[in-house]
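The exercises below concern one predicted model. Each gives a task and then a solution in steps.

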Amino acid sequence: MPTYFCMECCRTTEHLNVTRVAQFVGVTRATMYNWIKRAQVHTVVHPSGRILVCTASLLTPGFARFPGERAAALAWQPQARP
Ligand SMILES: [Zn+2]
């Protein structure tokens, strides 16, 4: 996973593009864009203009506002590291 400095976390964290992060959490891209719009996840804008989501922000308790989203968030686990 690509790493970038997250201004919210104040450290370098792993980031994924919207499509991949939505797949990992098990929500649609539309839901992910809603989370981004409500600032419930941290984002950085890649120089190419693409939005990248801070995966650490997905683990922050209370980021998801609705029960379904919360369940999806809790079910999500970061990929195992070798
Ligand atoms: Zn972050």
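**Exercise 1. Describe how helix 1 packs against helix 2, and classify the angle.**

Step 1. Two packed helices are described by the angle between their axes and the distance between the axes.

Step 2. In this predicted model, the axes of helix 1 and helix 2 lie 9 Å apart, and the helices pack at an angle of about 105 degrees.

Step 3. Angles of 65 to 115 degrees count as roughly perpendicular, so helix 1 is roughly perpendicular to helix 2.

Step 4. On the side of helix 1, the residues in this contact are V18, T19, V21 and A22. They meet R29, T31, M32 and Y33 of helix 2.

Step 5. Sorted by class, the contact of helix 1 with helix 2 has five nonpolar residues, two polar ones and one charged one.

**Exercise 2. Which strands are the edge strands of the sheet?**

Step 1. Write down the strand order: the sheet is open, has four strands and runs 1-2-4-3, with antiparallel pairing.

Step 2. Look for strands that pair on one side only; these are strand 1 and strand 3, the edge strands.

Step 3. Add the twist: on average, neighbouring strands of this sheet are turned by 45 degrees against each other, direction ignored.

**Exercise 3. Characterise the pairing of strand 2 with strand 4, and state which helix packs on the sheet there.**

Step 1. Strand 2 and strand 4, the latter made of residues 51–54, are paired in the antiparallel sense over three bridges.

Step 2. Take L16 as an example: its bridge partner in strand 4 is V53.

Step 3. The helix is helix 1 (residues 18–25), which packs on the sheet and touches strand 2 and strand 4. The direction of helix 1 makes about 90 degrees with that of strand 2.

**Exercise 4. Locate C10 and A39, and decide for each: buried or exposed?**

Step 1. C10 is in the loop between strand 1 (3–6) and strand 2 (11–17). Its phi is positive, about 60 degrees, although C10 is not a glycine.

Step 2. A39 is in the loop that lies between helix 2 (29–37) and strand 3 (43–45). Phi of A39 is also positive, near 60 degrees, in a residue other than glycine.

Step 3. Apply the cut-off: a residue is exposed if 12 or fewer other C-beta atoms lie within 10 Å of its own.

Step 4. C10 has 8 other C-beta atoms within 10 Å and is therefore exposed. A39 has 11 within 10 Å, so A39 is exposed.

Definitions and conventions: Residues are numbered from 1 along each chain as its sequence is written. This is a predicted model: local features need pLDDT of at least 70, side-chain atom pairs count only at pLDDT 80 or more; totals for chains, interfaces and linings use all residues. Helices (H or I, at least four residues) and strands (E, at least two) are DSSP runs, numbered from the N terminus. A residue is buried if 20 or more other C-beta atoms lie within 10 Å of its own, exposed if 12 or fewer, and partly exposed in between; C-beta atoms are placed from the backbone. Two strands pair if DSSP finds at least two bridges between them. Axes are lines fitted to C-alpha atoms, for helices over the stretch in contact, and angles run from 0 to 180 degrees between N-to-C directions. Two residues are in contact if their C-beta atoms, placed from the backbone, lie within 7 Å. Angles under 35 degrees count as roughly parallel, over 145 as roughly antiparallel, 65 to 115 as roughly perpendicular and the rest as oblique. Ala, Val, Leu, Ile, Met, Phe, Trp, Tyr, Cys and Pro count as nonpolar, Asp, Glu, Lys and Arg as charged, and the others, Gly among them, as polar.
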